[in-house]
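Work through these exercises with the structure open. Try each task before you read its solution.

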Amino acid sequence: MAENTMTVTVACGTTKHNITLTAQDGHEALLKDLCEALTEATGVPIPSQKVIFKGKSLKEMEEPLSSFGIKQGCKLMMIGKRNSPEEEVELKKLKDIEKSVEQTARKLEKVDGELTGLKNGFLAKELQAEALNKLDHRVKVAAEQFMKILEEIDGMNLPESFSDCRMKKKGLEKTVQGFLAQCDKIEAGISDHLAKIQTKNLALAE
């Protein structure tokens, strides 16, 4: 695994940060990964960062670092300023919202997994209807939580100048809408499977 990690030194003002990046799934680290790590280390949001290597400003976020000639031990520089304290407060709210989105998404993932298990016959036929009804209830609860989160995001009024916040807000809205669509899909899968069981039971009863 050692060859998949790379450490570079980034100077920001008078401070130096050693940033270690790990290749994900065999893909090398991208400029975007470096910028995300720099946000963590410095608090400077990606849109406000200017990363410089050998006098050249790097902009292509999706490009691997090696394409810029960056390798283990290289020294870079970053210029950028942190958000205003007011924007940081809003960002913190968005990060908290993001956490609750992740928690609800994990619950939804569990339901999806259990539904797959049911479809694959991991539960006795006579117990399936009850189990499906419980799953249906859990999906509805998750959908409700996502709707509440969406309302909370929509209710945030962010000034034009809070570009980092606005970008994060937009991304979160998109993510939550995606999960709501997933809730609908899982619910449809549950009622579909319930209908199948009921049809089979009727056939057996006759």
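## Exercise 1: a glutamine in a helix

The backbone oxygen of Leu123 and a polar side-chain atom of Gln128 are 3.1 Å apart. The model is a predicted one. Task: place Gln128, decide whether it is buried or exposed, and list what it touches.

Solution.
- Step 1. Gln128 sits in helix H3.
- Step 2. Its relative accessibility is 1%. Buried means under 20%, so Gln128 counts as buried.
- Step 3. Leaving out residues up to four places away in sequence, Gln128 touches Leu118, Gly121, Leu123, His193 and Ile197.
- Step 4. Leu123 is thus named in that contact list, and its backbone oxygen is the partner in the 3.1 Å pair.

## Exercise 2: the span of H3

Task: work out what span helix H3 should have, and compare it with the distance between its end C-alpha atoms.

Solution.
- Step 1. H3 covers residues 125-154, which is 30 residues.
- Step 2. At 1.5 Å a residue, the expected span is 44 Å.
- Step 3. The end C-alpha atoms are 43 Å apart, which agrees.

Task: which residues of H3 are buried?

Solution.
- Step 1. Recall the helix repeat: with 3.6 residues a turn, residues three or four places apart point the same way.
- Step 2. Now read off the buried set: Gln128, Leu132, Leu135, Asp136, Val139, Ala142, Ala143, Phe146, Ile149, Leu150 and Ile153.

## Exercise 3: a methionine in a strand

Task: describe the setting of Met77.

Solution.
- Step 1. Met77 belongs to strand S5, residues 75-79.
- Step 2. Its relative accessibility is 40%, so Met77 counts as partly exposed.
- Step 3. Beyond four places in sequence, Met77 touches Val10, Ala11, Lys50, Val51 and Ile52.
- Step 4. Met6 lies 71 residues from Met77 in sequence; their C-alpha atoms are 16 Å apart.

## Exercise 4: a positive phi

Task: where does Lys54 lie, and what is its phi?

Solution.
- Step 1. Lys54 is in the loop between strand S3 (50-53) and strand S4 (56-58).
- Step 2. Its phi is near 50°, a positive value in a residue other than glycine.
- Step 3. At 73% relative accessibility, Lys54 counts as exposed.

## Exercise 5: two annotated domains

Task: give the helix and strand content of each annotated stretch.

Solution.
- Step 1. An unreviewed UniProt entry lists "domain: Ubiquitin-like" at residues 31-85. That stretch is 24% helix and 22% strand, with end C-alpha atoms 27 Å apart.
- Step 2. UniProt, again in an unreviewed entry, places "domain: BAG" at residues 107-187. Here the chain is 84% helix and 0% strand, with end C-alpha atoms 14 Å apart.

Methods:
Residues numbered from 1 in each chain as written. Predicted model: local features only at pLDDT ≥ 70, side-chain atom pairs only at ≥ 80, totals over all residues. Heavy atoms only, no water. Helix = DSSP H or I, 4+ residues; strand = E, 2+ residues; numbered from the N terminus. Expected span 1.5 Å × (residues − 1). Buried < 20%, exposed > 50% of the residue type's maximum accessible area, 1.4 Å probe, protein only. UniProt positions renumbered as here; feature names shortened; annotations may be inferred. Contact = heavy atoms within 4.5 Å. Polar contact = N/O pair within 3.5 Å; in protein donor to acceptor, adjacent residues only side chain to side chain.
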